[in-house]
Amino acid sequence: MTPIPLANILQHKLRSVLTSLGIAIGVCMLITLSGLARGTLFEIADRWESVDADLILMPHGWSGDASTKSGSALESALADVILRERPDLVKRAAPVFLWHTEMGGQDQMAAGVSPEDWSLLTGGREIQEGRMFDPDNRFADWLKHLLTTPLPAGAPDVDTQFANAPYDGLELVIDSRLAKAGGYHVGQKVSLAAHEWTIVGIVPAGGMTRVTMPLRTAQYLAGGIGSFPCTVVFVKLHEGVPIGPAARAISDLTGADAVPLSDYRGSLVRQFGMMFVYVDMVNVIAMGIAFLFTMVMLYTMVLERTREIAILKANGASSTFLIRQVAAEGLLITGMGIVLGISLSLLAAYLIHIYRPFMTVQITIPWILLSAGLAVLGALLSSIYPAWRATRVDIAEALSVE
């Protein structure tokens, strides 16, 4: 014999499917929106934390907002100052010029970095295809000489000499995720910042930025003639040096903020934490609507089955039995909604990956369990009033109605 809750569901298939779909949409939204918001933000944090450094030197007040900044903020010479003045603390100091640009159909943060500092920026990742840009620093040395030496009388101006440089400084190394999304390959010419660049290497994804270029080129194109600016300086300390005291010492020396790289994730979350609040509120509203829909469905079921409920009561069915049947029907429908919602979230994550390849959706077991738990709790709460209404059916009145 088919259990009563399942028989009720099978009797009204369309209504049950629509109710399950409403729950599924709420579950899907909770998993997908939370996974998209947190996944994209944490992916940025992961990439910054991949840098082989202990401190980020940045202008005062930037804090966790550094990943959105670009341009001339500091002087590259600060790296030399740190190395010269505090060799007891600092092992390496790498100036990096960050530059917002567009590539692969989406905004990208490009990083200008010296070839010798490139491995620090990428966390030791090695180029898997092609080569490093300006590997012998020939272009960087030539450009530095050009920018710091007075031009002889009658010599072409700097822009003309840059356009006809004996070495190619317009070279890029990109990561494999960007290469796949944009269909790029080694040797391909791309237009970037009103110049034609050559992709000379591809590195595994996961580094701080998806696009890297020669530091001197980025500085020159940004108008940093003579001053050689940078956006941030990454500092690698000697092994065993306490990070906190070293950060304070370097801050005092440079007048800029030396932020531990390990603190960057927390700073980023604090900076954009309101996004999580907004997403969570949207999820709460969506789940609330889904379970109001469930309650209405169960209440309608009780009203439609008043006579059947009265017959059950006349045959000795207790209030506990009736409550259990209504709750079981709600849980069965919710279970179908949970399975469908998880499936929809996986499909949504796949489609986002296909059509928005630079967005990251993190679908994790804890969030799946949380969404399932909230759905079950919502189903039980939604069943309370319809179940109570079923126990209040008057047997004589219900059986007297034709």
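**Reading the labels**

Guide: The count of aromatic pairs comes to 4. By the rule used, rings of Phe, Tyr and Trp (its six-membered ring) pair if their centres lie within 6.5 Å; planes under 30 degrees apart count as stacked, over 60 as edge-to-face and the rest as tilted. The model is predicted, so local features need pLDDT of at least 70 and side-chain atom pairs count only at pLDDT 80 or more, while totals for chains, interfaces and linings use all residues. Residues are numbered from 1 along each chain as its sequence is written, and side-chain values use heavy atoms, with hydrogens and water left out.

Visitor: What makes the rings of Trp-48 and Phe-234 an aromatic pair, and which kind of pair is it?

Guide: Their centres are 6.0 Å apart, which is within the 6.5 Å limit. The angle between the planes is 55°, which is neither under 30 nor over 60 degrees, so the pair is called tilted. Trp-48 belongs to helix H2 and Phe-234 to strand E11 (residues 232-237), so the pair joins parts of the chain 186 residues apart. Helices (H or I, at least four residues) and strands (E, at least two) are DSSP runs, numbered from the N terminus. Trp-48 and Phe-234 are both buried, a term for under 20% relative accessible area; exposed means over 50%, and partly exposed lies in between (1.4 Å probe, protein chains only).

Visitor: Which label does the pair of Phe-139 and Phe-162 receive, and why?

Guide: Here the centres are 5.9 Å apart and the planes stand at 70°; that angle is over 60 degrees, so the pair is edge-to-face. Phe-139 lies in helix H5 (residues 138-148) and Phe-162 in helix H6 (residues 158-163), 23 residues apart. Both Phe-139 and Phe-162 are buried. Ring pairs also link Phe-139 and Phe-162 with Trp-142 and Tyr-220 into a cluster.

Visitor: Why is the packing of H2 and H12 given the name it has?

Guide: Helix H2 (residues 13-49) and helix H12 (residues 319-355) pack at about 45°, with axes 7 Å apart. Axes are lines fitted to C-alpha atoms, for helices over the stretch in contact, and angles run from 0 to 180 degrees between N-to-C directions. Under 35 degrees counts as roughly parallel, over 145 as roughly antiparallel, 65 to 115 as roughly perpendicular and the rest as oblique. The angle falls in none of the named ranges, and H2 and H12 are therefore oblique to each other. The crossing of H2 past H12 is right-handed; the near helix is turned clockwise from the far one by less than a right angle, whereas an anticlockwise turn would be left-handed.

Visitor: Which residues meet where H2 packs on H12?

Guide: Among them are Ser-16, Ala-24 and Ile-31 in H2, and Gly-337, Leu-344 and Ile-352 in H12. Contact means heavy atoms within 4.5 Å. The residues of this contact of H2 with H12 divide into 14 nonpolar, 8 polar and no charged. In this scheme Ala, Val, Leu, Ile, Met, Phe, Trp, Tyr, Cys and Pro are nonpolar, Asp, Glu, Lys and Arg charged, and the others, Gly among them, polar.

Visitor: What is the relation between H3 and H9 called, and why?

Guide: The axes of helix H3 (residues 77-85) and helix H9 (residues 243-254) come within 11 Å and cross at roughly 120°. That value again lies outside the named ranges, and H3 and H9 are therefore oblique. The crossing of H3 past H9 is right-handed. Leu-78, Val-81, Ile-82 and Glu-85 of H3 make the contact with Ile-250, Leu-253 and Thr-254 of H9. The residues of this contact of H3 with H9 comprise 5 nonpolar, 1 polar and 1 charged.

Visitor: How do you know whether Asp-134 is buried or exposed?

Guide: Its relative accessibility is 6%, so Asp-134 counts as buried. Asp-134 lies in the loop between strand E5 (129-130) and H5, and has a positive phi of about 35° although it is not a glycine. Asn-137 is in the loop between E5 and H5 as well, with a positive phi of about 60°. At 18%, Asn-137 therefore counts as buried.

Visitor: Which term applies to Ile-127, and why?

Guide: Ile-127 has a relative accessible area of 23%, and is therefore partly exposed. Ile-127 is found in the loop between helix H4 (118-121) and E5. Leaving out residues up to four places away in sequence, Ile-127 touches Trp-118, Met-132, Val-173, Gly-201, Ile-202 and Val-203. By contrast, Met-58 in strand E1 (residues 55-58) has a value of 0% and is therefore buried.
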